[in-house]
Amino acid sequence: MELKDLTLDEKLTLLTGKDCWHIDGLNGKLPEISMSDGPHGMRTMTKDWQTLPATAFPTLSAVGSTWNEELAREMGELIAEEAIERNVDILLAPGVNIKRTPLCGRNFEYFSEDPCLAGELGKAYIEGVQAKGIGTSLKHFAANNREYDRLYQSSEVDERTLREIYFPAFERALQADPWTVMCSYNLVNGVYASEHKKLLNDILRGQFGFKGLIVSDWEAVVNRAKALKASLDLQMPDNAQSFTVLKEAYARGYITDEEIDASVSRILDLINKTQANKRKRVVTHTKEERHAAAVKIAAEGAVLLKNENGVLPFKSGERVYVGGKYAEQGVLGGGGSSYVTCEYKRKNLSDLIMEENPAVTAEYHQGYFCDEGARHGFYNVRKSIALAEQADKAVVVVGFDEHTDCEGTDRTTLKLSPIAVDFILKIARANPRTVVVVYGGSAVDMSDWIGEVSAVLYVNFNGEGGNEAIAKLLTGSENPSGKLQETFPLCLEDTPTQSERGDGYSDRYFERIFVGYRYYDNEGAEVLFPFGHGLSYSSFEYGNLNVQEKNGQYALSFTVKNTSAVDGKEIWQVYTGAKRSLVERPPRELKAFGKVFLKAGEQKTIAVTLTLRDFAYWSTAIDGWRTENGKYTVSVGGSSRDLPLRKEISICLPQDEQPSQRDQA
């Protein structure tokens, strides 16, 4: 079907969805294209809005904690296979929005507080999905960083902050050529994202080179004609008023044939791309293989935050008490449009511990219960205390769930419920060798109890295979290798945004570029756990950093050695920072990362190439990226605050490209 074969009315009809999930097929004239949530598994619905079960993979925040592009790609591929089985053409994922505040109720759907990590994992995820002939929708463009009043509140962000923090993840992910990009609900600097010509047409299309279709988030369009002029192609879902609005706008000359044809052409291109890619739609994995992958991702996405005196892993012959209702089945994911139900029958953590190591005896007693994020209480806590006293070690499973971390609403606290904290303390006093397993979609304030326990394992929301993954990690069948994709502050009051959430009119991004670790490092502030932190049963040593410049590129090499007797994976991180600058800049910023497997005693050499962009800031004076002449530090290590390798380099570009300075030496 070509553009010339469509009438004006048919073109205007195509610009809005047929229903909640389909592009209009014009009564059989065109193939109907279907879309579906979501990032963590196929969330398809029946006609009466019941969710059909699917493989419940870990959330994107858990994928973020793997720092593993291969796993992000694999998860995308496996979800695409279920899309093929459900006759879905486009998966409404992934989200690469930045975790600006740990209170954001949708943080579990986002990879990281850092655009480099979020962008690279988003890119890999898109590659995995689209390799199977299923399209993706990169979202939510842009500055959608909290859920509070998202339909009405304007994100007030300066240009430099947008360019350095909130756009780069999209730029990186766009390298994978997603079929669609989804605009966000919120206003950006006073204009709805769906009507923001500078945002959608000038930047996304013009500067970032996106050639595909821009779709609205569901119900994000306020005025269909204004959205069309901004180059938004498809309004979702169906809307009875949109055709009339467009027809009247056309009649008065507000929208033109050229604008209509541009968007309709992109819709036709998407339909043609969908048809052409159907030959790639081959299912090569069984349901059991997808579940095994979900377990693997959950294990790599768990972060061992604390492990005093080698309390983990459990040893043969030990008796372990397991408590807390979340030990029964765990938490599949956060709430809202991405929530996936599953058919897989999940087992109690205590049973799985004994399956992983039959020489360990584990006994479960609930002790502490939680009900839909609202009711918390004890359940015969005396028995739990007695079991903990008699055991060699104790495990308490607590955290947040889909009712506290949920689309459309934000958290109000980083603290666990008082009853959960009380239960942890009771068990820890009964047995100081207590391990706390924590669920959550974002940072958790542990100040009330972390000093009383021996180990903490943060598991994000880890899907249907979560308990299996936790059992493998606790028993040592798997070696922990996840690291934090966001900073864990000591308390909410230490975060740059604190409890601020806007006034319903505007949310001012007063912290500017100082988001996440950039803020804490700039302030010299103490944190509970830094960005990139995560322990292992192995130990690693970094060395031999070398930096060579050639034609504006910087070739780095360094070694990572496993200095322990345990095989393991290490996540290496490369940061850059300007020694001095004419503008305010963070002390360091992540520019490259990777995950390397090392056998006991093994050493490998890592090679990385940085470009001038990796040392640049966005200059509003020239509306572009500027790399200043001067000295910079390249740092390498295992977290944002564990960087044993440092090398100073000098950049000297032609003076004609540099701003003048008085009395410059």
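Leaving aside neighbours within four places in sequence, which residues is Gly324 in contact with? The legends below start there. The model is predicted.

**View 1. Gly324 sits in the loop between strand 11 and helix 12 (326–329).**
Setting aside neighbours within four places in sequence, Gly324 is in contact with Tyr364, His365, Gln366, Tyr368, Val397 and Phe423. Gly324 has a relative accessible area of 0%, so it is buried. Cys370 is 46 residues away from Gly324 along the chain. The C-alpha atoms of the two are separated by 8.5 Å.

**View 2. Strand 11 (residues 319–323) is mostly covered.**
Four of the five residues of strand 11 are buried. Strand 11 pairs with strand 12 (residues 361–364) in the parallel sense, over four bridges. Here Tyr321 has Glu363 of strand 12 as its bridge partner. Strand 11 also pairs with strand 15 (residues 393–399). That pairing is parallel too, over four bridges. Val322 stands opposite Val395 of strand 15.

**View 3. Helix 15 covers residues 418–430.**
The helix has 13 residues. From first C-alpha to last, helix 15 reaches 18 Å, close to the 18 Å expected at 1.5 Å a residue. Buried residues in helix 15 are Ala420, Val421, Phe423, Ile424, Leu425, Ile427, Ala428 and Ala430. Phe423 is also one of the contacts of Gly324 in View 1.

**View 4. Two cis peptide bonds occur around strand 4 (residues 135–141).**
One joins Lys139 and His140, with omega about -10 degrees. His140 lies in strand 4. Another runs from Phe141 to Ala142, with omega near 10 degrees. Ala142 belongs to the loop between strand 4 and strand 5 (154–156).

**View 5. Phe141 and Phe170 form an edge-to-face aromatic pair.**
The structure holds 20 aromatic pairs. In the pair of Phe141 and Phe170, the centres are 4.9 Å apart and the planes meet at 70 degrees. Phe141 lies in strand 4 and Phe170 in helix 6 (residues 168–173), so the pair ties together parts that are 29 residues apart in sequence. Both Phe141 and Phe170 are buried.

**View 6. The largest nonpolar core has 113 residues.**
Which members touch the most other members of this core? They are Leu14, Phe141, Trp218 and Leu590. Apart from this core lies another, of 66 residues. Leu352, Tyr368, Val395 and Val456 are among the members of that other core. In soluble globular proteins, nonpolar side chains tend to be buried together.

**View 7. Leu590 meets several aromatic residues.**
Neighbours within four places in sequence are left aside here. Leu590 is in contact with Trp67, Asp114, Cys116, Leu117, Tyr517, Phe531, Gln573, Val574 and Tyr575. Trp67, Tyr517, Phe531, Tyr575 and Phe593 form one aromatic cluster.

**View 8. Two arginines lie over aromatic rings.**
The charged end of Arg100 sits over the ring of Tyr509, 3.7 Å from its centre. Arg411 lies over the face of Phe400, at 3.8 Å from the ring centre.

**View 9. Thr497 touches Arg100.**
Thr497 is in the loop between helix 16 (466–475) and strand 18 (506–508). Is Thr497 buried or exposed? Its relative accessibility is 1%, so Thr497 counts as buried. Not counting residues up to four places away in sequence, Thr497 touches Arg100, Thr101, Phe510 and Glu511.

**View 10. Asn27 and Asn87 have positive phi values.**
Asn27 has phi near 55 degrees, a positive value in a residue other than glycine. Its place is in the loop between strand 1 (22–23) and strand 2 (33–36). Asn27 has 85% relative accessibility, so it counts as exposed. Phi of Asn87 is near 60 degrees. Asn87 lies in the loop between helix 3 (69–85) and strand 3 (90–91). The relative accessible area of Asn87 is 61%, so this residue is exposed.

Terms used: Residues numbered from 1 in each chain as written. Predicted model: local features only at pLDDT ≥ 70, side-chain atom pairs only at ≥ 80, totals over all residues. Heavy atoms only, no water. Expected span 1.5 Å × (residues − 1). Buried < 20%, exposed > 50% of the residue type's maximum accessible area, 1.4 Å probe, protein only. Core = buried A, V, L, I, M, F, W, Y, C linked by side-chain atoms within 4.5 Å. Contact = heavy atoms within 4.5 Å. Phe/Tyr/Trp six-rings, centres within 6.5 Å; stacked < 30°, edge-to-face > 60°. Lys NZ or Arg CZ within 6 Å of the ring centre and 35° of its normal. Pairing = 2+ DSSP bridges.
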